[in-house]
Amino acid sequence: MSKVDVILGLQWGDEGKGKIVDYLAPHYDIVARFQGGPNAGHTLEFDGKKHVLHQIPSGIFHPGVLNVIGNGVVIDPIIFRNELKKLSPFEIDISNALIISNKAQLILPTHKLLDQALEKNKGDGKIGSTLKGIGPTYQDKIGRNGLRVGDILEGNFERRYNSLKAQHVEMLNRLDFEYDLSLQEGEFFDSVQELREMQILSTEYFLDESLMSGKKVLAEGAQGTLLDIDFGSYPFVTSSNTTTAGACTGLGIAPSKIDQVFGVFKAYCTRVGSGPFPTELNDAAGENLRRLGNEFGATTGRPRRCGWLDLPALKYSCILNGVSKLFMMKADVLSELDELYICDRYIVDGQEIHEIPYSTEDTINPGLTKAQSWTVDQISQFSNLPAALTSFISTIEKYTCADIALVSLGPDRKETVAKEGSIFLY
Ligand code: GDP
Ligand code: IMO
Ligand code: MG
């Protein structure tokens, strides 16, 4: 029997998970998404083309890799249909390359309206949600009101849809929010019809059988650990468990079946939406990082807030996920900087600390240490990385007690170096 490897983000999302899942996918039989939904935007690049996936797992471009949308995911049928349309030029045999859990929750048009109305009502305290209906859909799941993908195959689907919609409309009418549902609803039912044609099954059984027969499974996370509903900077978080534990509940995999946990992080930090960001640069240096790293949201196009690498936060994420290997992304972006820093402590009320404080109201001053800058003009081998970059890597490894097994030096599949002797030397 084989086990499951997990790949997930260690910061506030957008670490480069899509690129790395696509890079590793040929070494797996199955790639499975376990949480989140269309709030995710996972970018991959190959043959000079960029692709952004929202709900479809990032193994989809590899023939022979089966992709699973797990029960922990929330699906918007309309966005799903559009994603499929964008894949049509690639002649992927979708019916054999993608299966969907009958227990994944459905995002209804009214969930999206509620997301917008609730955000608007929050005023200055807004989360900065992607407005894809994520929060309201997970709320209905936990409140035991939700509709699941399996329900679209039942005769009473429309009746159940109308009943849940009526509850949502009542809530919307209590909020100061104008809306028009008519357009979205027609599109929703057309898209649901297409969804019915997909392979919808109890993917937990399928995954168990696959593991029993020795198939290799890679679980793909969305968002990042610092957006986790339990451990992120609550309430400025998403509504799911983005950690390794989420892979167990979001796919129906027992903890004992998890093998490696690959934690993906950028060599600096970004965040979209509201909430604490201790190392944020609200100056020209931050703007420079945004420009060099092209830091604009893959889902909403919003500019990402940028700052230096935050080691106390990275260590926290390593602890929560049981990270076995670290993958560092976007080292090429820092290679363009003359001066660069790394945060290796926090200063709160004049005290030096290494843990994230409970209150999101606390002012956290980052303790910064200057790092030597490097230049990477040519991508060769891990052992030939510039000395200053190697020293940056050692600092991170020492602080987090985890090994960096892979460094990414550009958005393309090929712009990746894996540590010699590690299992990633493909
Ligand atoms: P994800 O949500 O974690 O999959 O990440 P996103 O796709 O939202 O954001 C990562 C962005 O960085 C995308 O535009 C990628 O194409 C790009 N990217 C990934 N790795 C690298 C890298 O090593 N260097 C550079 N310059 N860009 C990268
Ligand atoms: P990927 O998978 C970055 C952020 C939003 C907002 C908060 C809540 O591409 O890394 P939500 O729509 O979930 O209610 O928004 O979480 N957020 C992300 N930030 N990358 C993502 O996904 C994100 N998904 C949600 O900006 O602050
Ligand atoms: Mg993203």
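**Close-up views of a predicted model**

**View 1. Residue D349 in the loop between β16 and β17.** D349 lies in the loop that runs between β16 and β17, the latter spanning residues 351-353. The model shown here and in the views that follow is a predicted one. The backbone at D349 has a phi near 50°, a positive value in a residue other than glycine. Such a value deserves a remark, because most residues other than glycine have a negative phi. D349 counts as exposed because its relative accessibility is 73%, and the cut-off for that class is over 50%.

**View 2. Residue C401 in the loop between α13 and β19.** C401 is placed in the loop that links helix α13, residues 387-400, with strand β19, residues 403-408. Phi of C401 is near 60°, again a positive value in a residue other than glycine. With a relative accessible area of 63%, C401 is exposed.

**View 3. The peptide bond between Y234 and P235.** The bond from Y234 to P235 is cis in this model, and its omega is near 10°. Most peptide bonds, by contrast, are trans. P235 belongs to the loop between β10, residues 217-220, and α9, residues 244-251.

**View 4. Residue D338 and its spatial relation to W374.** D338 occupies a place in the loop between α12, which covers residues 331-334, and β16, which covers residues 340-348. The relative accessible area of D338 is 73%, so this residue is exposed. Although D338 and W374 are 36 residues apart along the chain, their C-alpha atoms are separated by 8.4 Å.

**View 5. Ligand 1 and the residues around it.** Ligand 1 sits in the second largest pocket of the model. The elements that give two or more residues to the shell around this ligand are α1 (17-24), β3 (42-46) and α12. In total 20 residues surround ligand 1, and the closest are G16, K17, T43, D332 and S408. By residue class, the shell around ligand 1 divides into 5 nonpolar, 7 polar and 8 charged residues. Several polar approaches can be followed in this view: an N or O atom in the side chain of T43 is 2.5 Å from an oxygen atom of ligand 1, and a backbone N or O atom of K330 lies 3.0 Å from an oxygen atom of ligand 1. A nitrogen atom of ligand 1, in turn, has a polar side-chain atom of D332 at 2.8 Å. Taken on its own, ligand 1 has 590 Å² of accessible area, of which the protein covers 93%.

**View 6. Ligand 2 and the residues around it.** Ligand 2 sits in the largest pocket. There are 21 residues surrounding this ligand, with D14, K17, H42, T130 and T238 being the closest. The shell around ligand 2 is made up of 8 nonpolar, 10 polar and 3 charged residues. Oxygen atoms of ligand 2 are approached by N or O atoms in side chains, and the distance is 2.7 Å for K17, 2.9 Å for R302 and 3.4 Å for S129. The protein covers 97% of the 550 Å² of accessible area that ligand 2 has on its own. K17 is among the closest residues to ligand 1, and K17 is likewise among the closest residues to ligand 2.

**View 7. Residue T416 in strand β20 and its side-chain contacts.** T416 lies in strand β20, and this strand spans residues 416-418. T416 counts as buried because its relative accessibility is 10%, with the cut-off for that class set at under 20%. The side chain of T416 is joined to the side chain of K19 by a polar contact of 2.9 Å. The side chain of T416 also reaches the backbone oxygen of R413, at a distance of 2.7 Å.

**View 8. Residue K414 in the loop between β19 and β20.** K414 is found in the loop that connects β19 with β20. K414 has a relative accessibility of 70% and therefore counts as exposed, whereas T416 counts as buried. From K414 to L368 the distance is 33 Å, C-alpha to C-alpha, for a sequence separation of 46 residues.

How values were computed:
Residues numbered from 1 in each chain as written. Chains lettered and ligands numbered in written order. Predicted model: local features only at pLDDT ≥ 70, side-chain atom pairs only at ≥ 80, totals over all residues. Heavy atoms only, no water. Helix = DSSP H or I, 4+ residues; strand = E, 2+ residues; numbered from the N terminus. Buried < 20%, exposed > 50% of the residue type's maximum accessible area, 1.4 Å probe, protein only. Near = heavy atom within 4 Å. Polar contact = N/O pair within 3.5 Å; in protein donor to acceptor, adjacent residues only side chain to side chain. Areas by Shrake-Rupley, 256 points an atom, 1.4 Å probe, with all protein chains shown as cover. 1 Å grid on protein atoms, 1.4 Å probe; cavity = no way out; pocket = protein on both sides within 12 Å on 5 of 7 lines; lining within 4 Å. Sits in = over half its atoms within 2 Å of the grid points. Nonpolar A, V, L, I, M, F, W, Y, C, P; charged D, E, K, R; others polar.
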